[in-house]
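Me: I should like a close look at a single part of this model, taken slowly and with its surroundings. Please give the reply as one connected account.

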Amino acid sequence: MAPIYRDLILPIPAKRSLARCIDDSGPVSQAFCWIIRKIICRDWAVRPMEEWGVGPLSDKDPQFSDLLDEAWDGRVRIYKLKYTFESLQDTAGSDPQQMGGMITFMTLEFGPIAPEALDGEPVLHDDISQVLRFKVFDSVDLEATDAECQRRLPSQQTLSERNVEMMQSWIKDCESNHEKCQLPPRQDPWLPTRLLDIGSSDGSRPPRVIETGTTAIIDKTYAALSHMWGDAATAPPLQAMQFNYGGLKDGITFTRLPPSFTDAVETCHRNAKVTIVSTSSTSSQDGFLARDLPNVTAVRTLFDNGQSLTVTPTDDRQSGLRNGDVEGSRWNTRGWTMQERALSTRTIHFCRNKIYFECRGCLKSEENEPEEARPSDSFQLFPRSSDQDSSMWYDRWMRIVTGYSRRRLTVSSDKLTAIQSIANDMLQHVPTDTYISSAAMWLSNLNHELLWYVQSGIPRRILGRAPSWSWASLDANISFVKGRRDGEKPAEAAQLLREIKRKMDKIEEKEKNLGKAQPSGYLKEIVIAHLRRQK
């Protein structure tokens, strides 16, 4: 059992922000009960309440009273302290006190206490209790000697020296040790038609647009930026247009670049061969390097053995966790960002107060909490190897389409284009198949891909974007009928497949002309009860 379970004592006065817990400066202020009361007031109360307590509740308040048979005087009890102990994948370098893992979370439950007592003890309604969850930094993990097994508090500066070295080590480790992340060797590395030369770090040479076909480039490595434009109508980002293209090639002053671009330039001076994602930003005007750790509530608790525990509450959005910061970000809801993420060799996500790394070999974060290895069947990053059966690739494609259908596009006509690059990459794994680009379906798998249905929401049909039998004809959350991998075509799909193939054989340019018929409408099933034959 880890020391923290054994030696828990009453908390001492605590510091109120994560930044102060990091630099150990500033006046000592409130105790641990202050942070618990603040969370209860924030997450539980239906009506505004006093910050310093649960306030003057009565049986007229709607929180728990409606669930109780007896009157309630507003008292709550906090109980069931639990810790989450996560095992380290490699315990060779871990300290003995870590016992092969890290303490990452703490939970407490609270619920109403009924005024009536049972055998002298208050009646606790734990069946309707609620849970308080805290992210935990244990001093045993923070002080571990091996860097791989050491927990880290977030740095106050996004591009601190420690964080820069950390990101460089992530990239170096991926390049050296992750076979599944490597691109096929090429004699002449591929480059985009245009790149942004970020200039010199001292500012003597400004950024400029270069054409890779006519510019001598010694180091053919580059970083990509994935971001959200935001409202381009009210705050249009700098764009390369015909009228300003010559000036962009001569040089671009930093004041003309949106904040997300300047932050990316600053980051690129230290990193390469990676996709930089401004995950926490909602527009190119936001930037992604600023932090607000002084506003993050935290408390440090001491134990009688000299060890300490720093805790910070989580919220419903799971801020400070990968599931909330990356998977739950607005960036991850946009249509174009799916293929930007799926095809990247490795990605660094810049989120609010925390940096995350992902590749096909591992998941890492600035706080170095134990993270599960990237699942082999994850569709977030498209595989590089071809050692899978074709049916597995088609299953992966349908999962990608299911996730993609839930994303949003500013320009509706981009529906097919924003997934085309994933299809191009998949064609290397199923080279004998034909991708129907006008329908975003695979010819050899058509009998399965035709069995899609609207899973939720109200569908909106976009005329002319794709044939009506394609999922891409709708803006809707779709899914596919599962199973049927035995080679036997479902009857409904088989009949439709024969009809489609018959028509496609008559068309010389399949992909250009498929689905261009003008008549449109809906079929309604009717039952004719009485039908008489006319002589």
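**A buried loop residue, its neighbouring helix and an aromatic cluster**

Reply: Asn-353 is found in the loop that joins β11 to β12. The model is a predicted one. The phi angle of Asn-353 is near 70°, a positive value in a residue other than glycine. Asn-353 has a relative accessibility of 6%, under the 20% limit, and therefore counts as buried.

The two strands that flank this loop, β11 (346-351) and β12 (354-359), are among the elements that cover the buried residues of helix α9. The cover also includes β7 (224-226), α8 (322-327), α10 and α11. Helix α9 is mostly covered, with 6 of its 8 residues buried. These are Gly-335, Thr-337, Met-338, Gln-339, Arg-341 and Ala-342.

One of the covering elements, α11, can be described in detail. The axes of α9 (residues 335-342) and α11 (residues 420-427) come within 8 Å of each other and cross at roughly 30°. Angles under 35 degrees count as roughly parallel, so α9 is roughly parallel to α11. On the α9 side the contact is made by Met-338, Gln-339 and Ala-342, and on the α11 side by Gln-420, Ser-421 and Ile-422. By class, the residues of this contact comprise 3 nonpolar, 3 polar and no charged. Met-338, Gln-339 and Ala-342 also appear in the list of buried residues of α9.

Helix α10, another element of the cover over α9, leads to the aromatic residues. The structure holds 7 aromatic pairs. A pair of aromatic rings is described by the distance of the centres and the angle of the planes. For Trp-397 and Tyr-435 the ring centres are 5.7 Å apart and the planes stand at 80°, which is over 60 degrees, so this pair is edge-to-face. The pair links distant parts of the chain, since Trp-397 belongs to helix α10 (residues 390-404) and Tyr-435 to strand β14 (residues 435-436), 38 residues apart. Both Trp-397 and Tyr-435 are buried.

Tyr-435 pairs with Trp-442 as well: their centres lie 4.8 Å apart and their planes are at 50°, so this pair is tilted. Trp-397, Tyr-435 and Trp-442 are thus linked by ring pairs into a cluster. The relative accessible area of Tyr-435 is 8%, and Tyr-435 is therefore buried. Trp-442 counts as buried because its relative accessibility is 0%.

The loop between β14 and β15 (441-442) holds Ala-440. Like Asn-353, Ala-440 is not a glycine and has a positive phi, here about 60°. Ala-440 is buried, with a relative accessible area of 0%.

A further ring contact involves a charge. The charged end of Lys-415 sits over the ring of Tyr-404, 5.6 Å from its centre. Elsewhere, the charged end of Arg-133 sits over the ring of Phe-105, 3.8 Å from its centre.

The setting of these details is a protein chain with 14 helices and 17 strands. Buried residues make up 46% of its 535 residues. Among contacts in the chain with a separation of 6 or more, 63% are between residues 24 or more positions apart.

Note on methods:
Residues are numbered from 1 along each chain as its sequence is written. This is a predicted model: local features need pLDDT of at least 70, side-chain atom pairs count only at pLDDT 80 or more; totals for chains, interfaces and linings use all residues. Side-chain values use heavy atoms; hydrogens and water are left out. Axes are lines fitted to C-alpha atoms, for helices over the stretch in contact, and angles run from 0 to 180 degrees between N-to-C directions. Helices (H or I, at least four residues) and strands (E, at least two) are DSSP runs, numbered from the N terminus. Angles under 35 degrees count as roughly parallel, over 145 as roughly antiparallel, 65 to 115 as roughly perpendicular and the rest as oblique. Contact means heavy atoms within 4.5 Å. Ala, Val, Leu, Ile, Met, Phe, Trp, Tyr, Cys and Pro count as nonpolar, Asp, Glu, Lys and Arg as charged, and the others, Gly among them, as polar. Rings of Phe, Tyr and Trp (its six-membered ring) pair if their centres lie within 6.5 Å; planes under 30 degrees apart count as stacked, over 60 as edge-to-face and the rest as tilted. Buried means under 20% relative accessible area, exposed over 50%, partly exposed in between (1.4 Å probe, protein chains only). A charge sits over a ring if NZ of Lys or CZ of Arg is within 6 Å of the ring centre and within 35 degrees of the ring normal.
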